[in-house]
Amino acid sequence: MAGVLDTINQRTQLVGENRLELLLFRLNGKQIYGINVFKVKEVLQCPKLTMLPHSSPVVRGVAHIRGGTIPILDLGLATGASPMENISQCFVIITEYNRRIQGFLVRGVERIVNMNWADIQPPPKGLSNDNYLTAVCQVDKEMVEIIDVEQILSEVAPTRQDISDGIVNAGITENAQKHHILIVDDSSVARKQIKRCMEQVGFATTVLCDGREALDYLNAMVAEGKDVTQELAMVISDIEMPEMDGYTLTTSIRNDSRLQDLFILLHTSLSGVFNESMVKKVGADGFLAKFQPDELARLAIETVQIQSE
């Protein structure tokens with residue numbers, strides 16, 4: 001897999017085209033899994049691991065890579081399956097998202113495939129590990145399961161969920177209660193985090209699972225004769241979502257004269273490779289890497305204050 005990510009900078013051309021690239025890999029067994037290439041920094045043979053006392057069983061140890069110490073998570077154990085054996089023969093996918101760097105221990109790495117988000121579907125109900133899946137797709141007539149790595153990270157290394165004291169006061173809450181925010185994210189963990197954060201400020205919220213649902217929701221509001229910009233203070237949208245990603249949702253909103261003035265915040269786990277030029281390309285009003293409740297609350301508060309002036 002040496003050099004497999006050498007062209008990462010060229011992949012910015014996927015922005016706004018409702019496309020993504022998946023790195024395919026296997027755990028124990030024949031099932032193929034996928035992770036968005038934008039989350040991946042490097043793929044390498046599993047290096048020597050140093051055990052960490054009192055750590056989660058999912059953390060098989062830490063690796064010293066390029067001057068840094070990186071926790072290595074057993075992706076089999078993390079999803080409720082059997083642990084990886086003979087780990088010296090396994091691979092590690094080094095990822096960066098939610099402002100953290102970690103490695104995932106996998107049995108083997110396959111290849112990168114270019115997909116359309118329209119072909120990425122929510123996971124069917126009833127799969128044994130559906131709590132850890134964010135989507136599925138078909139590649140060469142085989143089902144690929146896309147793992148909800150945000151869910152895994154939240155279980156292994158929980159982050160603070162509540163807003164710090166002093167950010168919200170009675171006046172802010174009174175103003176927030178007049179406003180409604182649309183939250184769009186395919187990760188159940190992320191949806192709950194954002195909803196909790198916004199409701200702690202005082203906002204009313206509507207929560208949807210992907211860009212297609214969100215666009216249909218907005219169009220339905222217009223069809224009912226509602227002024228969307230009066231009904232909604234802002235849209236907080238993930239980028240990686242099945243059927244329609246956040247880039248394409250933003251582009252669709254900006255291209256519709258009835259919706260184009262909506263404030264759109266792209267709130268994404270892609271902290272390692274995202275940059276402001278991507279935000280500007282699709283016309284979003286802002287970008288915030290997940291998940292910092294204080295930063296998210298402050299931005300939402302400032303946005304409605306400006307709108308109220």
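Which residues are linked with Lys-290 in a network of salt bridges? They are Glu-150, Asp-185 and Asp-238. The model shown here is predicted. Charge pairs are a good way into it.

Side chains of opposite charge can pair when their charged atoms come close. The count comes to 15 salt bridges. Three of them are worth tracing on the structure.

Start with Arg-66 and Glu-42. Their side chains meet in a salt bridge, at 2.1 Å from N to O. Arg-66 sits in the loop between strand S4 (59-65) and strand S5 (68-74), while Glu-42 belongs to strand S3 (residues 40-45), so the pair ties together parts that are 24 residues apart in sequence. The two partners differ in setting. Arg-66 counts as exposed because its relative accessibility is 70%. Glu-42 has a relative accessible area of 19%, under the 20% cut-off, and is therefore buried.

Move on to Asp-140 and Arg-111. This salt bridge spans 2.4 Å, N to O. Asp-140 is in the loop between strand S9 (133-139) and strand S10 (142-147), and Arg-111 is in strand S8 (residues 108-116), so the bridge ties together parts 29 residues apart in sequence. Asp-140 is exposed, at 59% relative accessibility. Arg-111 is partly exposed, at 38%.

The third bridge joins Arg-196 to Asp-162, with the closest N and O atoms 2.6 Å apart. Arg-196 lies in helix H4 (residues 188-201) and Asp-162 in the loop between helix H2 (149-156) and helix H3 (170-176), so parts that are 34 residues apart in sequence are tied together. Arg-196 is partly exposed, at 41% relative accessibility. Asp-162 is partly exposed too, at 32%.

Now take a charged residue without such a partner. Asp-210 is buried yet has no salt bridge. Arg-212 is the nearest side chain of opposite charge, and it is 6.2 Å away. A salt bridge needs the atoms within 4 Å, so this pair does not qualify. Asp-210 is found in the loop between strand S12 (204-208) and helix H5 (211-223). A polar atom of its side chain lies 2.9 Å from the backbone nitrogen of Arg-212. The backbone nitrogen of Glu-213 also lies 2.9 Å from a polar atom of the Asp-210 side chain. Beyond its neighbours within four places in sequence, Asp-210 is in contact with Val-184, Met-241, Pro-242, Glu-243 and Met-244.

Finish with the rings. The structure holds one aromatic pair. The ring centres of Phe-25 and Tyr-33 are 5.9 Å apart and the planes meet at 25 degrees, so the pair is stacked. Both Phe-25 and Tyr-33 are buried. Elsewhere, Lys-39 lies over the face of Tyr-97, 5.8 Å from the ring centre.

How values were computed
Residues numbered from 1 in each chain as written. Predicted model: local features only at pLDDT ≥ 70, side-chain atom pairs only at ≥ 80, totals over all residues. Heavy atoms only, no water. Helix = DSSP H or I, 4+ residues; strand = E, 2+ residues; numbered from the N terminus. Buried < 20%, exposed > 50% of the residue type's maximum accessible area, 1.4 Å probe, protein only. Lys, Arg positive; Asp, Glu negative; His and termini not counted. Polar contact = N/O pair within 3.5 Å; in protein donor to acceptor, adjacent residues only side chain to side chain. Contact = heavy atoms within 4.5 Å. Phe/Tyr/Trp six-rings, centres within 6.5 Å; stacked < 30°, edge-to-face > 60°. Lys NZ or Arg CZ within 6 Å of the ring centre and 35° of its normal.
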